[in-house]
Amino acid sequence: MRLVSSVGVFLIIAVGLFVLVRLAPGDPAETLVPIDAAPGQREELVKAAREQLGLDKPVPVQFVLWFGSLLKGDLGYSFSTHQAVGQLLLDRLGPTVLLMGSALVLGLLIAIPVGIIAAVRRDTFVDAAAGTVSVIALAIPSFFLAMLGIYVFAVKLRVLPSAGMYFSGESDVGDLLYHLILPVSVLALAVAAAFTRYIRSGMLEQLGQDYIRAIVAKGAGPFRATMHAFRNSLIPLVTVLALYIPAFLSGAVVVEQIFSWPGMGQMAVNALIVRDYPVITGFGLYVAVLVLICNLLADVLYTVVDPRVRTAR
C-alpha cells in the first residue's frame, strides 16, 4: 500500500515540477543564441531555437508530450548538450553518491560516539563542549566553511586540492581520496553537528527509563546498559536520518559547485543558469525519488531496529 501511494505522490510531484519549471522567468532559446548576433537576426535565431526545442507549442501540448515520454522512462534531452537526461543523471550519480555517502558515514562515525559520551556524562565539561561545538558548526553555512577550507588548506597551506576529482583525467584511487578530503570534511561536519544533538537527546530519554535501572540492578555493567539504551534510541534516529538525506543534498549541491565536483548538484546549478528545462526537471524527479526511497527504507529499518513495530502491523 505504501509503495502504491509513493507512485501516486511521484506522479503528482512530476506534474508540479513541470508546471513550476515552465513558470520560471526566462527563455531557454535565448541562451542558445550567440550574444553578438544582430537584433533582427537574433529574433530569427531565437524563433528557430524555440521550434527546434518544441517550446513553440502550447504548454498543455508540451506537458502531454513530456508526460507521455516520462511514463516510458524517457526524461528527454538536454537543451544545451542534446544528450539524454537520464544518461546525464546516471553519469553524475556516482560522484554525488560517493561524496554524500562518504560525508554521511564520516559524520555518523563522529556523531554516534560523541553523542553517547555527551549523554552518559550529562552536565559535565564534555557535554557542554560537545553541545557548544555542535551549535557553532550548525550555525556556519556550508558555503562559508567550504571557502574557508579552500583558503586555509589549498591557498595558504597548499596541502589539499581546491577543486575537481583528479589532478589528471586518469582515475587514480589515491588521487580521488586526496580530492575528497576537503568536500567530505565540510559536509561531514554538518552531519556530525546535527546528529550529535539527536543522539544525545535520544540517549538521555532512554537512560532515564525503568528498564535501564532494572538492567543495572541485575548486574549489567555501564557499557552493556549504554548499548541497550543506544539500540532503543535508534528508532527516532532512523526517522531523522531518512528525512535528513534529501535535505542534505541541498548542502551537497553548494559544496559540489564550490569544489567543482562533477556531481548532480553541479549539473543542476549549470542547468539553472542556462534554463535547461529537461535537466532541471530530471534532477527534481531524482530528488523526489530519493525522498520516497528514504521514507520506504525508514519503514523497513523500523522493523529491523524494533521488532515490535512489525508485530503491531
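**Exercise 1. Decide whether Asp-127 is buried or exposed in this predicted model, and work out what its salt bridge with Arg-200 ties together.**

Solution. Start with the accessibility of the acidic partner: Asp-127 has a relative accessibility of 7%, and since buried means under 20%, Asp-127 counts as buried. Turn next to the basic partner, Arg-200, which at 24% relative accessibility counts as partly exposed. The side chains of these two residues meet in a salt bridge, with an N to O distance of 2.6 Å. Finally, place both residues in the fold: Arg-200 belongs to helix α8 (residues 173-207) and Asp-127 to helix α6 (residues 125-139), so the pair ties together parts that lie 73 residues apart in sequence.

**Exercise 2. Find how many salt bridges the model contains, and describe the pairs formed by Arg-122 and by Arg-213.**

Solution. The count comes to 3 salt bridges, and the pair of Arg-200 with Asp-127 is one of them. In another, the side chains of Arg-122 and Asp-123 meet at 3.9 Å, N to O, which can be checked against the cut-off of 4 Å; both of these residues are exposed. For Arg-213, the partner is Asp-210, and the closest N and O atoms of that pair are 2.7 Å apart. Both Arg-213 and Asp-210 sit in helix α9 (residues 210-217), where a spacing of 3 residues corresponds to about one turn of the helix. Asp-210 is exposed, with a relative accessible area of 59%.

**Exercise 3. Describe how helix α5 packs with helix α11, and classify the residues that make the contact.**

Solution. Two packed helices are described by the angle between their axes and by the distance between those axes. Helix α5 (residues 85-120) and helix α11 (residues 234-258) pack at an angle of about 120 degrees, and their axes are 10 Å apart. The angle makes α5 oblique to α11, given that the range for roughly perpendicular is 65 to 115 degrees. The handedness comes next: α5 passes α11 in a right-handed crossing. On the α5 side the contact is made by Thr-96, Leu-99, Met-100, Ala-103 and Leu-104, while α11 contributes Leu-241, Tyr-244, Ile-245, Phe-248, Leu-249, Ala-252 and Glu-256. Sorted by class, this contact of α5 with α11 has 10 nonpolar, 1 polar and 1 charged residues.

**Exercise 4. Carry out the corresponding analysis for helices α7 and α8.**

Solution. The axes of helix α7 (residues 142-156) and α8 come within 10 Å, and they cross at roughly 140 degrees. Because roughly antiparallel requires an angle over 145 degrees, α7 and α8 are oblique to each other. The crossing in which α7 passes α8 is right-handed. In the contact itself, Ser-142, Leu-145, Ala-146, Gly-149, Ile-150 and Phe-153 of α7 meet Leu-182, Val-186 and Leu-189 of α8. These residues of the contact of α7 with α8 divide into 7 nonpolar, 2 polar and no charged.

**Exercise 5. Describe the surroundings of Ala-130, and state how far Ala-130 is from Gly-8.**

Solution. Ala-130 lies in helix α6, the helix that also holds Asp-127. With 11% relative accessibility, Ala-130 counts as buried. Leaving out residues up to four places away in sequence, Ala-130 touches Val-114 and Ala-118. Gly-8, by comparison, is 122 residues from Ala-130 in sequence, and the two C-alpha atoms are 43 Å apart in space.

Key. Residues numbered from 1 in each chain as written. Predicted model: local features only at pLDDT ≥ 70, side-chain atom pairs only at ≥ 80, totals over all residues. Heavy atoms only, no water. Buried < 20%, exposed > 50% of the residue type's maximum accessible area, 1.4 Å probe, protein only. Helix = DSSP H or I, 4+ residues; strand = E, 2+ residues; numbered from the N terminus. Axes fitted to C-alpha atoms, helices over the stretch in contact; angles between N-to-C directions. Parallel < 35°, antiparallel > 145°, perpendicular 65-115°, else oblique. Left-handed = near helix turned anticlockwise from the far one by under 90°. Contact = heavy atoms within 4.5 Å. Nonpolar A, V, L, I, M, F, W, Y, C, P; charged D, E, K, R; others polar.
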